[in-house]
Amino acid sequence: MRRTRRQNVTYAALLAGAFLLALALSLWFGQTIDNNAYDRMLRAHPPHWTPESAILAIDERTYTAFHTNLRSAITDGLARIAAAKPKAVIVDVILAAQVPEVDDALERAFSKTPNLVLASLLLDGRNWEWPLERFRRHAVAVGHVHAEPDDQDQVTRSISLEKTTDRVRSWALSLEGLRVSRGVQIVPQEPAGDIQVGGTTIPARSRILRISFAAQPPIPRVSIQALKDHPESSSVFTGKTVFVGDTSLNSVDRKMTPLGDLPGVEIHAQAFETLAHASFLVDAPRWMDVVFAALLVIAAGFAFAYVPGWQANVIAAVILLTGSIMPYVFFTHNLVFSFITPFSAAWLSVVIAAAYEHLVVRRALRRAEAERVRYQQSLHFVTHEMRTPLTAIQGSSELITRYANMPEEKRKQMALLINSESKRLARMIEMFLNVERLSAGQMELKKESFEVGDLMTTCVDRVRPLAERKNIRIHMDPPQHECLAGDRELMEYAFYNLLTNAVKYSPQQTEVTAGATRQNGHIRISVQDQGIGMDQKEVRKIFQKFYRTKKAEESGEVGTGIGLSIVEQIVTQHGGTIEVKSRPGEGSCFTLVLPAPSGG
Ligand code: ADP
């Protein structure tokens, strides 16, 4: 469908609005919804790997068995797994303070543990809690234990790979674990580039690592107390990178993750697996979200503007589907996209484009329908109104040709009749075209001043022969020097129509009275008859096109039911109204109420 320039601009503006709204939504609620979507996607599409790590757990039973003495428990645990020859042992416990009675034993255990990694903690972003030197010297590395909980929902999805203060840089515990277990170096690209660890390149420009949490298969976990009970279970740790840490439920070192509440040591182990299997989830840059959303909006706009019918709906469905599932598809390719931005852009633009199109199409259909009806009515009007003069012309001309010796007087009379009727026909055509243009809004009403009395006399004279045939007397009381401003020809049509109706719908031997008065700044031109009349229900309908009362149909008078609708149109265009008083069997009174010209 062709659209106007204005429609195109409105349409484009609405779609731009949809796009901006989508961006605003993603700013307001984006993070919450995107986080939620991210967690679901992570659970729906977990990484698949065979764990390279295992957890030596300090659980509730271990605490009880060792009288809540963490260091004794670790000492015992390390001794029990030594024979299994783990690749590396990472102790996720801060050992910054002295506990004199047990530290000697722990130090001895550390000294016998190859590839030991200890933990550090940065307090207030400035001060480090470092392992006691006596422990530190047995370790090949020290790694920090910081996770990066989301600042909105406090769920831990990432860890920071690096923590740096003025003098000290500490890599993450998991990253040190990887280095030590692989026996390689950590080679960062400075400043803030990717990090190379052996053959693995970690995309870590922001130094933040998204953890690819995997619930299945679980990272093997054996508690120190369980090892005591079942020493053979130490084989679990053979060749593994062992994370030692607190897993008890009342530990302070627990965090919410996409997999639920997990102990810190498990989070480090999951981060280690992420690094070890190079399962990196990379955040798409923000501009990609915005461009993708913009493409969806543009596609929706074009689909509804240029693709016809059902195909547009099919494309819309594809757009909705694309906006809804592409973030997941990207996710399966390790690219983390905003979910809310394309999703809301797709839905908002499709809904708005569809609604607008629907509105435009419906409006165009309504207009076409009105046009068709109007055209049909015009045809009816033409055939109805033109029949009378045509019949007269036809009849007279036939008579002239058939009777060669017709008296001169009669011939002249007929020629005059033909002349006047054809003039009337011409006037009618002119008027018909005017009414057409008037209702199409293409014509400016003529604004001429004319005498009301004059107009009334002309019309009454024209209707008189019709009335005489039915022995109906027409009384007329034309006003003196009352003027109206407007289109005289159209007003003539209106008044003439009321007169012919009055004659048509009255029995023989009755009277029709036409008069005009001035009242409250209005000229009231009325036509009163003693005819068949109408009830109130019928009066309400007579201005509808093609409506005729039952009595009118039965009266035998020819009619189409259009005349009054045109009269109403003409009067309305002149700023006037029509009043009708009528009672069945008692006659009707039609009054045209027209604004009198000021000063007249
Ligand atoms: P038409 O006269 O060609 O049927 P109009 O639009 O002029 O069409 O009138 C519509 C209908 O209104 C008529 O068919 C008739 O039923 C009713 N009507 C109009 N004028 C009168 C009247 N003076 N007396 C009774 N009925 C009338």
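Colleague: Where does Pro217 lie?
Modeller: Pro217 is in the loop between strand 13 (208-210) and strand 14 (221-223). Keep in mind that this is a predicted model.

Colleague: And which residue does a cis peptide bond join to Pro217?
Modeller: Gln216. The bond between Gln216 and Pro217 is cis, with omega at about -15°.

Colleague: Any odd backbone elsewhere? What about the phi of Gln154, positive or negative?
Modeller: Positive, about 60°. Gln154 has that phi although it is not a glycine.

Colleague: Where is the place of Gln154?
Modeller: Also a loop, the one between strand 6 (147-149) and strand 7 (156-160).

Colleague: Let's zoom out. How many helices and strands does the chain have?
Modeller: 18 helices and 26 strands.

Colleague: Which domains does the domain assignment give?
Modeller: Domain 1 is split in sequence, covering 5-40 + 284-363. Domain 2 takes 48-278, and domain 3 takes 445-595.

Colleague: How far apart are the C-alpha centres of domain 1 and domain 3?
Modeller: They are 60 Å apart.

Colleague: What radius of gyration does the chain have?
Modeller: 48 Å. For a compact globule of 600 residues you would expect a value near 25 Å.

Colleague: And what box do the C-alpha atoms fill?
Modeller: Roughly 150 × 45 × 45 Å, taken along the principal axes.

Colleague: On to helix packing. At what angle do helix 1 and helix 10 pack?
Modeller: About 150°, with the axes 10 Å apart. Helix 1 is residues 5-28 and helix 10 is residues 286-306. That angle makes the two helices roughly antiparallel. The crossing of helix 1 past helix 10 is right-handed.

Colleague: Which residues make the contact?
Modeller: Helix 1 brings Tyr11, Leu15, Phe19, Leu23 and Ser26. Helix 10 answers with Arg286, Val290, Ala293, Ala294, Val297, Ala300, Gly301, Phe304 and Ala305.

Colleague: How do the residues of that contact divide, by nonpolar, polar and charged?
Modeller: For helix 1 with helix 10, 11 nonpolar, 2 polar and 1 charged.

Colleague: Next pair. How do the axes of helix 7 and helix 9 cross?
Modeller: At roughly 55°, and the axes come within 8 Å. Helix 7 spans residues 173-182, and helix 9 spans residues 264-276. The two are therefore oblique to each other. Helix 7 passes helix 9 in a right-handed crossing.

Colleague: Which residues in helix 7 meet which in helix 9?
Modeller: From helix 7, Leu173, Ser174, Leu175, Gly177, Leu178, Ser181 and Arg182. From helix 9, His268, Ala271, Phe272, Leu275 and Ala276. By class, this contact between helix 7 and helix 9 has 7 nonpolar, 4 polar and 1 charged residues.

Colleague: Last one. At what angle do helix 14 and helix 15 pack?
Modeller: About 35°, with axes 9 Å apart. Helix 14 runs over residues 452-469 and helix 15 over residues 488-504. Their crossing is right-handed.

Colleague: Which residues make the contact there?
Modeller: On helix 14 they include Asp454, Leu455, Met456, Arg462 and Leu466. On helix 15, Arg488, Glu492, Phe495 and Tyr496 are among them. The class count for helix 14 with helix 15 is 12 nonpolar, 2 polar and 4 charged residues.

Terms used: Residues are numbered from 1 along each chain as its sequence is written. This is a predicted model: local features need pLDDT of at least 70, side-chain atom pairs count only at pLDDT 80 or more; totals for chains, interfaces and linings use all residues. Side-chain values use heavy atoms; hydrogens and water are left out. Axes are lines fitted to C-alpha atoms, for helices over the stretch in contact, and angles run from 0 to 180 degrees between N-to-C directions. Helices (H or I, at least four residues) and strands (E, at least two) are DSSP runs, numbered from the N terminus. Angles under 35 degrees count as roughly parallel, over 145 as roughly antiparallel, 65 to 115 as roughly perpendicular and the rest as oblique. A crossing is left-handed if the near helix is turned anticlockwise from the far one by less than a right angle, and right-handed if clockwise. Contact means heavy atoms within 4.5 Å. Ala, Val, Leu, Ile, Met, Phe, Trp, Tyr, Cys and Pro count as nonpolar, Asp, Glu, Lys and Arg as charged, and the others, Gly among them, as polar. Domain bounds come from an automatic or database domain assignment. The radius of gyration is taken over C-alpha atoms; the globule rule is 2.2 Å times the number of residues to the power 0.38.
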